[in-house]
Amino acid sequence: MIKKKINLGFVTATFMMAAVSLSGCADSNMRPQKNTVVNQEETETQEQILEEMTDSKESVPETKDLIEETTIEQMTIEETQSEYDAQEDKILEICEWEAYHIVDVELLTDNEIDQLFYAVEIPPQVQQRIMGCSYIENEDIALEELSYVRVLHIGFDGKAHIGELIVNNAISQDIVSIMKALYDAQYPIERMVLIEEYGGDDDKSMEANNTSAFNYRLISGTNKLSNHSFGRAIDINPLYNPYVRTASDGSIRCDPAGGAEYVDRTKDFLYKIDQNDLCYQLFIEHGFTWGGNWKTKKDYQHFEKVQNA
């Protein structure tokens, strides 16, 4: 419609100009005035066309840009979801690995590492491992009161290992936080597996320098339940931080026996826990007490947080 209108106006204007020129009209003042009006209308029409054409041309790249932006955004969303799924799969895979497995943390982001520190209800497969070993049916502590904790720790080999513990629900988040802080500080803990790996035998676990927590058992040399029985105590690097007491015959008893050379705490040696040690400081900050501060006996490996403490 626009083309027809424009062409008609242009032809009409041209015809009128030709007619005026041929007629030799005496009213010469009218010729430039009429011609000016026609030219003005023609110019305005042409400008309108150009403007419409320009707007039309400009709208094409704008629409194209919008489509491209939408496509890029969609691709970004899909890529982000794909990356998230891959990250989730990676974490789930590591969570299936057995404790003490080495983890190549160079391949993980900080966020992925954070996800490897957690406490959950004791999974069925873990319940099967501990039943009849570190846990027996009793009236003192129910399985529902205990949590399964998974963390990373730096081994004596300088590598990141998966660690596992069972602790009371009341201290589970304390333990996760402390272990994350120790990991971040590259604090060395040689081994951290459930005591089931040693048949529930505390002596064998300590001799292997295994860091452990829950074990439904008596305090060594007594008929009293240990706070380990309630999941409220943990032993760190026990070989280098032994349990020392005086026996009824006056002799010095050391558990584990292999830790005898570490009884003298005035000596300097690796992996020693004392009041200047980061491990000690973190547990104290979280409201735990240290066996190394006991008066009648010394349990340098031991930290506990009893109920209502």
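Seven nonpolar residues, no polar residues and one charged residue make up the lining of the second largest cavity in this predicted model. The lining consists of Ile94, Cys95, Leu116, Tyr118, Arg150, Val151, Leu152 and Ile162, and the space inside has a volume of about 40 Å³. Two elements, helix H2 (30–95) and strand E3 (146–154), each contribute at least two of the lining residues. Of the elements involved, E3 gives the most, with three residues.

This cavity belongs to a short list, since the count comes to two cavities of 30 Å³ or more. Empty space of this kind comes to light when a probe the size of a water molecule is rolled over the atoms. The largest cavity has a volume of about 50 Å³. Its lining is formed by Ile130, Ser134, Glu164, Leu165, Ile166, Val193, Leu194, Ile195, Glu196, Ser212, Ala213 and Phe214. Sorted by class, these are eight nonpolar, two polar and two charged residues. Strand E4 (residues 160–168) provides the largest share of this lining, namely three residues.

Attention now turns to helix H5 and one of its acidic residues. H5 covers residues 172–184, and Asp174 is found within it. The length of the helix can be checked with simple arithmetic: at 1.5 Å a residue, the 13 residues of H5 should span 18 Å, and because the end C-alpha atoms are 18 Å apart, the model agrees with the expected value.

Is Asp174 buried or exposed? Its relative accessible area is 15%, and because buried means under 20%, Asp174 counts as buried. Leaving aside residues up to four places away in sequence, Asp174 touches His286, Phe288 and Lys305.

Asp174 has company in H5, where the buried residues are Ser172, Asp174, Ile175, Val176, Ile178, Met179, Lys180, Leu182 and Tyr183. Which elements do the buried residues of H5 pack against? The partners include three helical or strand elements not yet introduced by position, helix H3 (110–114), strand E2 (118–121) and strand E5 (233–235), along with helix H7 (278–285). E3 and E4 are also among the elements that the buried residues of H5 pack against. Both strands have already appeared in the description of the cavities: E3 gives three residues to the lining of the second largest cavity, while E4 supplies three to that of the largest. Just after H5, the backbone at Gln186 takes a positive phi of about 60 degrees.

Technical notes:
Residues are numbered from 1 along each chain as its sequence is written. This is a predicted model: local features need pLDDT of at least 70, side-chain atom pairs count only at pLDDT 80 or more; totals for chains, interfaces and linings use all residues. Side-chain values use heavy atoms; hydrogens and water are left out. On a 1 Å grid over the protein atoms alone, a cavity is a set of points where a 1.4 Å probe fits but cannot get out, and a pocket is an open set with protein on both sides within 12 Å along at least five of seven lines; lining residues have an atom within 4 Å of a point. Grid points are joined across faces, edges and corners, and a volume is the space filled by probe spheres set on the points. Helices (H or I, at least four residues) and strands (E, at least two) are DSSP runs, numbered from the N terminus. Ala, Val, Leu, Ile, Met, Phe, Trp, Tyr, Cys and Pro count as nonpolar, Asp, Glu, Lys and Arg as charged, and the others, Gly among them, as polar. Buried means under 20% relative accessible area, exposed over 50%, partly exposed in between (1.4 Å probe, protein chains only). Contact means heavy atoms within 4.5 Å. The expected span of a helix is 1.5 Å times one less than its number of residues.
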